[in-house]
Structure formats: structure tokens, C-alpha cells
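I opened the notebook to look up a few things in this structure. The entries below follow the order in which I checked them.

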Amino acid sequence: MEMPSWQRAVLKVGSALIAPDDTGTSSKYLLAIARFIIECHERGQEIVLVSSGSAAAGRKHISFDGDKLPVTIKKAMAAVGQNDMMANWSRFFDFPCAQVLMTHGDLRDRARYVSVRNTLRTLLEHDVLPIVNENDALATDEMKVGDNDNLAAMVATLVDADALFICSDIDGLFDADPRVKPDAKKIPEVNEITEEIFALAGGTTNKIATGGMRTKIEAAEKATSHGIDTYIVNGRKGETFEHLLQGQNPGTLFKRQQDPMSNKKHWLRHTLISQGELVIDEESAAALSRGESLTTSGIVDVQGDFNRGDAVVIRSGSTAEAIGKGICQYSSHELMHIKGQEISDIAEAYGYSPISEVIESNDLMILEDE
Ligand SMILES: Nc1ncnc2c1ncn2[C@@H]1O[C@H](COP(=O)(O)OP(=O)(O)O)[C@@H](O)[C@H]1O
Ligand SMILES: N[C@@H](CCC(=O)OP(=O)(O)O)C(=O)O
């Protein structure tokens, strides 16, 4: 099946390909992937590699026999294995590789997001292969993306890629997990990612992997809504990369949406994690869908505990539906006092003139925009 052409792609490689057993990194599957990267490089197509496998590689240095890997052990494995993983990749290329480690903290802060974006773009301009991973050794639960499928989708939007290739140990998305149902059928193309598509996904059976199929579909949802074609392919098969080089889809293609979201709206929707909720009245909901800002007077209720600058979900008081998400200029504590009031009344009651917009239209994404 023919695939759309692309100029810049993010290639995500899972742990099962980097370190397939307990003996550390292996070149078994990487050789074919590296050849693909080199061929793309020679054709002038740009690649950003998102590589898992630091923890899997670190198993060789830090032994652990139990069933459930403690977080501290996994972090230590990641710290030592990251080095091996980078060295394993670098030896295949005669162009330089750059290690870029990030956490969700670097992506949800707009200034840091722009800074990472500039670094990645500069590396590409200078013909360096960026190799991205989550900074597992340092990331806390609150700070991490948690899986490299979603991280790869965020990186793909960061660098404005036109394709995302997720290389796993399976031929694509099947109508059930083939390891559980051997007669499951592969789905070559997905035009729209619906709840039914998510329902097909099972978890992973690999102890050291993170996501399973669900996080790959989440990644596809993020990337396709930014106009990026997303593929799940089998990185264990050399012919996968021959097909890709010939412009043939060897796995599952999730087709990009025709009207992709702007960069900032995409970041708001898919990168920022909301810390609370604002319930608003009907009049305000109508104003928001006309592109206006959210003001204090339309807020009926405030839920959660958030600070100024945090993202919040906006919910309609009449239908209880989530209608948008935005960056809030007030903390939840402040809003509890001033919700439902006109700005002039607040000024009179509290003796100061607060900012009239609780969420500026610029910092707001309405779900019906998608
Ligand atoms: N519907 C499905 N189609 C294909 N694979 C699925 C499905 N549901 C669950 N899986 C499982 O997802 C696994 C791939 O995810 P994972 O182990 O996290 O790999 P990676 O390390 O490449 O991220 C497959 O080996 C398969 O067992
Ligand atoms: N950042 C982690 C990998 C996380 C992850 O998503 O793993 P995988 O499911 O194998 O892609 C590591 O390098 O070990």
C-alpha cells in the first residue's frame, strides 16, 4: 500500500528492539533501522530518533530478580543504560549524534517548550541526528511523560515532522492483541481514531516496556491531529525498512487530519496536563465559542487546587460537558472568592483592579475547534 511522501520524520524505537534480552544492548535489530536512517539522510530526509531502552540496557549492570521493579532500581538502570544505548546507536553512523533528554516539565512550560524546539531544529539544520529519550533518572511521577510513544508524538509536533514511525515488535495495530488471540487481523489504515480503535488495544507483555498498544494509539491521536501521518511498524523485520524506503506502508497507517490544530492549541490540548476545572454558565460558554475570553462573572464553580498559569478544563454548567481547556490567570484560591462577580464589583470589594480575563482567548482551546 502506497504511503504519503515525507521530508521530516520522528522514528520511535521501543525497548524490545534495543535490548531484546537480559544481556544489555544488542545490534540484532538496530542494524536495519540504522541503515534506514542513513539512507534517509543521504536522500536529504530528516530524522529525529526517539529511543527507549535505557532501563532495558541497564539490566545488565544492575541485577534485580523480583517481579515488580522498584522505581529507584529502574531509574538507576536507566541512568547507566542510557550511556550504552547512545553508544550502541552512535557506532552505526558517520555523522554525529546528539543526546537530548527531556521530561514533561520541559514540554508543558511554553518557554522551555520553545527552547527544546529550537535546539532540535538547530541540530537538524547541522546534520546531527538527535536521539531523544525521557530523562528517566531524574523524572518524578509529576514531571514525566511516562512512555516514549507519547513522547515521540510530542517531539514530532515540536519539530513539525510530517511522519511519525513507531517501531515495535508487532506488525501494526490488530483487531485484538495477537499474543492473546493468534487469529487477530492487522488493520492497514485508520482514518479516524475513535473509542472503538482505543478499545482494540491491550497492554504489553514485556516487563521492561511501558506502553503496549494503547500509548501508541494515544501517540497517533496526538500526531495526526497536528497533521502528522503515523505508522506502527515491526522493527524486528528488516523488510519493514525496505518497504518504507520504497514508499510502501508495511504496518498500520493512521492518516493525518486534514485541518490540523495550530501549534499552540495542540500544545494546550495534548501536552499540558490540567490541574483543575472551571464550571461556567451558558452565556460564557456561548462567548467562548465566539472566540472571546473567559471572565470572572461567568464562573459558577471552581474545582481542584491550582496555581496561576496552570491549565484547567472548562466545563459547561448546564450540560456538564468539557468544552475546552486553557491557561488560568488566577489560582483556584483567588477564584473561589471572585467567581461569578463583575470586575467592577471585585474592584470595589477588594480595593484593587484585577485582570478582567480569567483565561485569555489566546490561551484557550475549545474542543469544537478540533
Ligand atoms: N490490538 C493490538 N494490536 C497489536 N499489538 C497489541 C494489541 N494490543 C496489545 N498489543 C501488544 O502491544 C505490544 C507492543 O507494545 P510494547 O510491548 O509496549 O512495545 P514497545 O516496546 O515497542 O513500545 C505487542 O507486542 C502486543 O503484544
Ligand atoms: N524511557 C524508557 C522507555 C519508556 C518506554 O516507553 O518504553 P517502550 O514501551 O519500550 O517504548 C527507557 O529508556 O527505558
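**Entry 1: terms.** I start with a definition: helices (H or I, at least four residues) and strands (E, at least two) are DSSP runs, numbered from the N terminus. I also note that the model is predicted.

**Entry 2: a loop with a positive phi.** By those runs, aspartate 127 sits in the loop between α6 (110-125) and β4 (129-134). I looked up its backbone and found phi near 60°, a positive value in a residue other than glycine. Aspartate 127 is partly exposed, because its relative accessibility is 48% and the class runs from 20% to 50%.

**Entry 3: another aspartate with positive phi.** I then turned to aspartate 160, in the loop between α7 and β5 (163-168). Its phi is positive too, about 55°, although aspartate 160 is not a glycine. At 36% relative accessibility, aspartate 160 counts as partly exposed.

**Entry 4: the whole chain.** I stepped back to the overall fold. How many helices and strands does the protein have? I count 14 helices and 15 strands. The radius of gyration is 23 Å, close to the 21 Å that the globule rule gives for 370 residues, so the protein is as compact as a globular protein of that length. Along the principal axes, the C-alpha trace spans about 70 × 45 × 45 Å.

I checked burial next. Buried residues make up 48% of the 370 residues. For contacts between residues at least 6 apart in sequence, I noted that 73% join residues at least 24 apart.

The surface came after that. The accessible surface is about 16,900 Å², and 46% of it belongs to carbon and sulfur atoms. I also looked at charge: the protein has 37 positive and 56 negative side chains. The centres of the two sets lie 7 Å apart.

**Entry 5: three annotated positions.** I consulted the UniProt record, an unreviewed entry. Its "binding site" annotation covers Ser52, Asp136 and Asn148. These positions spread over 97 residues of sequence, yet they cluster in space, with a largest C-alpha distance of 10.8 Å.

I took serine 52 from this set. Serine 52 lies in the loop between β2 (46-51) and α3 (54-58). Is serine 52 buried or exposed? Serine 52 is buried, because its relative accessible area is 9% and the cut-off is under 20%. Beyond residues up to four places away in sequence, serine 52 touches Lys12, Val13, Gly14, Ser15, Ile18, Met85, Asn133 and Asn148.

Asparagine 148 was next. I found asparagine 148 in helix α7 (residues 148-158). Asparagine 148 counts as buried, at 8% relative accessibility. Leaving aside neighbours within four places in sequence, its contacts are Lys12, Val50, Ser51, Ser52, Asn133 and Glu134. Ser52 is thus among the residues that asparagine 148 contacts.

**Entry 6: a further set from UniProt.** The unreviewed entry also places a "binding site" feature at Lys12, Ser168, Asp169, Thr210, Gly211, Gly212, Met213, Arg214, Thr215 and Lys216. I followed up lysine 12. Where does lysine 12 lie? I placed lysine 12 in strand β1 (residues 8-13). Lysine 12 is buried, with a relative accessible area of 5%.

Lysine 12 brings the annotated positions together in my notes. Apart from neighbours within four places in sequence, lysine 12 is in contact with Val50, Ser52, Asn148, Asp149, Ala152, Phe165, Ile166, Cys167 and Lys216. Ser52 and Asn148 carry the annotation from the previous entry. Lys216 is listed with Lys12 in this one.

**Entry 7: serine 331.** I looked up serine 331 in the loop between β13 (322-327) and α13 (332-338). Serine 331 counts as buried at 13% relative accessibility. Which residues does serine 331 contact, leaving aside neighbours within four places in sequence? I list Phe306, Asn307 and Arg308.

**Entry 8: leucine 244.** My last lookup was leucine 244, in helix α10 (residues 238-245). Leucine 244 counts as buried, at 5% relative accessibility. Outside its neighbours within four places in sequence, leucine 244 is in contact with Met3, Phe36, Phe165 and Pro250. Phe165 also appears among the contacts of lysine 12.

I closed with a distance. Leucine 244 and threonine 140 are 104 residues apart in sequence. In space they are 37 Å apart, C-alpha to C-alpha.

Methods: Residues are numbered from 1 along each chain as its sequence is written. Chains are lettered from A and ligands numbered from 1 in the order in which they are written. This is a predicted model: local features need pLDDT of at least 70, side-chain atom pairs count only at pLDDT 80 or more; totals for chains, interfaces and linings use all residues. Side-chain values use heavy atoms; hydrogens and water are left out. The radius of gyration is taken over C-alpha atoms; the globule rule is 2.2 Å times the number of residues to the power 0.38. Buried means under 20% relative accessible area, exposed over 50%, partly exposed in between (1.4 Å probe, protein chains only). Contact means heavy atoms within 4.5 Å. Accessible areas come from the Shrake-Rupley method with a 1.4 Å probe; for residues, only the protein chains shown count as cover. Lys and Arg count as positive and Asp and Glu as negative; His and the chain ends are not counted. The place of a charge is taken as NZ of Lys, CZ of Arg, CG of Asp or CD of Glu. UniProt positions are given in the numbering used here, feature names are shortened, and annotations may be inferred rather than shown by experiment.
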